[in-house]
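Me: I would like to go through the terms used for this model and see what each one rests on.

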Amino acid sequence: MKRGKPIGLSLAVCATMACAACGGGAAEPAASAGGPVTITVNGLPPATDEYNRAVFEADVKAFEAGNPNIKIDAKEGFMDPQTFSAKIAGGQLEDVFYVYLTDAQNLIAKRQVSDISPHLSGFPVTKDYKPGLMQVFSDQAGKVYGLPDDNYSLGLLYNRKLYEKAGLDPDRPPVTWAEVRENAKKISALGGGVVGYGDYSKSNTGGWHFTAELYSVGGDVAVRDGGGAWKAAFNDDKGRQVLQQLKDMRWTDDSMGRRQLLEYDDLVKLMATEKLGQQIGSTGDLTNTVTRFKGTYDDYGMGPIPGGQGTLGGGSGYMFKAGLSPEKIKAGLAWLTFKKNPDRIDADNQRSAAKGLPVGLPEPNVWTGGSEQKQLAATKKHATIPTENFKPFADALGRIPVKLEPPNAQQIYAALDTVMQKVLTDRDADIAQLLADAETQVNQILATVK
């Protein structure tokens with residue numbers, strides 16, 4: 001569901017020739033015997049985004065200074081779901097292009113991307129990417145077609161000030177849904193329009209959160225059958241458990257507030273104005289709460305998703321257009337491992353901190369091993385936010401399995417919005433019937449998945 005780059009998580013630049021070498025890992029030459037290699041890449045911010053565009057352009061200048069046989073032809077934008085299919089069908093995609101994690105496997109299956117596996121050994125930093133993220137860009141034979149760029153997963157966001165007012169420990173967020181419910185009752189008892197727990201049910205956000213909450217208790221929205229076809233999987237005890245919890249909080253406890261049919265900005269605003277105690281969200285939601293609605297990181301905390309059996313995650317990466325020459329693939333790898341390299345994190349964080357940008361959130365973090373230690377050290381050194389507020393979430397990373405969105409996610413979310421809407425607006429909603437009806441609709445959607 002999360003789209004685009006997180007607000008405020010800009011990278012600083014190494015704008016000198018000396019820093020061009022900090023891309024590390026680019027051991028293989030990328031030029032062809034005929035001379036310099038030019039590759040097209042996307043991700044160039046628009047001119048209206050002056051700071052981030054300057055960052056990108058300085059990166060290109062530094063990279064080309066350190067790699068004189070490679071030229072970068074940068075294009076604006078990331079991935080527009082409305083035009084992506086047409087661009088790839090028309091051969092208009094850049095050589096190295098941005099994708100959401102949910103699109104990678106489909107591109108691999110359709111053979112619309114190049115195998116970069118034979119060239120990865122020349123770029124040793126790629127060994128430190130999280131294995132789970134690399135699997136997203138790999139086929140069943142282990143061939144690799146892209147690299148991760150950022151990631152996120154969902155946890156429990158909460159208002160520390162409201163926790164304290166309700167007599168709750170803000171350093172010990174709930175780890176079960178039963179605890180969430182009890183906390184919600186205490187928070188809503190504060191009165192004054194304060195909501196103990198908030199959830200979405202409109203503009204595909206209801207289905208998105210239903211999916212996350214289902215994953216948290218060990219359920220699935222969709223699974224493959226023995227023949228490889230996708231089938232709805234939420235019409236079971238797990239699905240009923242999620243909806244019954246919401247129904248009980250909404251109607252028995254009255255801890256979710258009477259205003260429903262909420263969508264993305266609604267919960268962010270409530271959290272920022274100290275009217276919401278708890279919600280499911282990501283570090284990107286925290287950033288939006290602060291940057292768009294004038295909240296402060298001091299007032300918020302983040303813990304692992306309750307239930308802890310799985311969490312919805314996602315992110316983005318870059319893939320390589322089908323049919324690229326080895327020289328262009330190596331040039332693309334040199335560029336990506338220059339842009340995304342743990343040796344740059346300290347300088348990036350220092351500049352971000354000087355710019356007043358948030359440094360210290362536990363995600364995105366795509367690294368393991370020594371590279372992750374560099375990220376953690378640089379984060380601690382330059383943190384501009386109270387990292388201890390988000391330590392419960394950070395400590396759980398790696399312990400809770402991250403699961404991606406189902407295929408045709410936005411269509412499925414729209415169908416599941418109806419289920420969430422009925423449960424949160426109709427005291428007499430029939431959960432079993434709602435799930436049965438949604439199952440039929442979602443199976444029709446999944447029948448189109450190839």
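Helix 9 and the whole chain

Reply: In this predicted model, D236 caps the N-terminal end of helix 9, with a side-chain oxygen 3.1 Å from the backbone nitrogen of K238.

Me: What makes the pair formed by D236 and K238 a polar contact?

Reply: The cut-off for a pair of N or O atoms is within 3.5 Å. The side-chain oxygen of D236 lies 3.1 Å from the backbone nitrogen of K238, so the pair meets that distance limit.

Me: Which residues of helix 9 are called buried, and what does the word require?

Reply: Buried means under 20% relative accessible area. In helix 9, which spans residues 237-252, the residues that count as buried are G239, V242, L243, Q245, L246, K247, D248, M249, R250 and W251. These buried residues pack against helix 7 (177-188), helix 8 (205-216), helix 16 (409-425) and helix 17 (431-446). Just after helix 9, D254 has a positive phi of about 55 degrees.

Me: How many helices and strands does the protein have, and why is it called as compact as a globular protein of that length?

Reply: There are 17 helices and 11 strands. The radius of gyration is 23 Å and the globule rule gives 22 Å for 450 residues; the two are close, so the protein is as compact as a globular protein of that length. Of the 450 residues, 54% count as buried.

Me: What share of the contacts between residues at least 6 apart in sequence joins residues at least 24 apart?

Reply: That share is 80%, where a contact means heavy atoms within 4.5 Å.

Technical notes:
Residues are numbered from 1 along each chain as its sequence is written. This is a predicted model: local features need pLDDT of at least 70, side-chain atom pairs count only at pLDDT 80 or more; totals for chains, interfaces and linings use all residues. Side-chain values use heavy atoms; hydrogens and water are left out. Helices (H or I, at least four residues) and strands (E, at least two) are DSSP runs, numbered from the N terminus. The radius of gyration is taken over C-alpha atoms; the globule rule is 2.2 Å times the number of residues to the power 0.38. Buried means under 20% relative accessible area, exposed over 50%, partly exposed in between (1.4 Å probe, protein chains only). A polar contact is a pair of N or O atoms within 3.5 Å; within protein, one must be able to donate a hydrogen and the other to accept it, and residues adjacent in sequence count only if both atoms are side-chain atoms.
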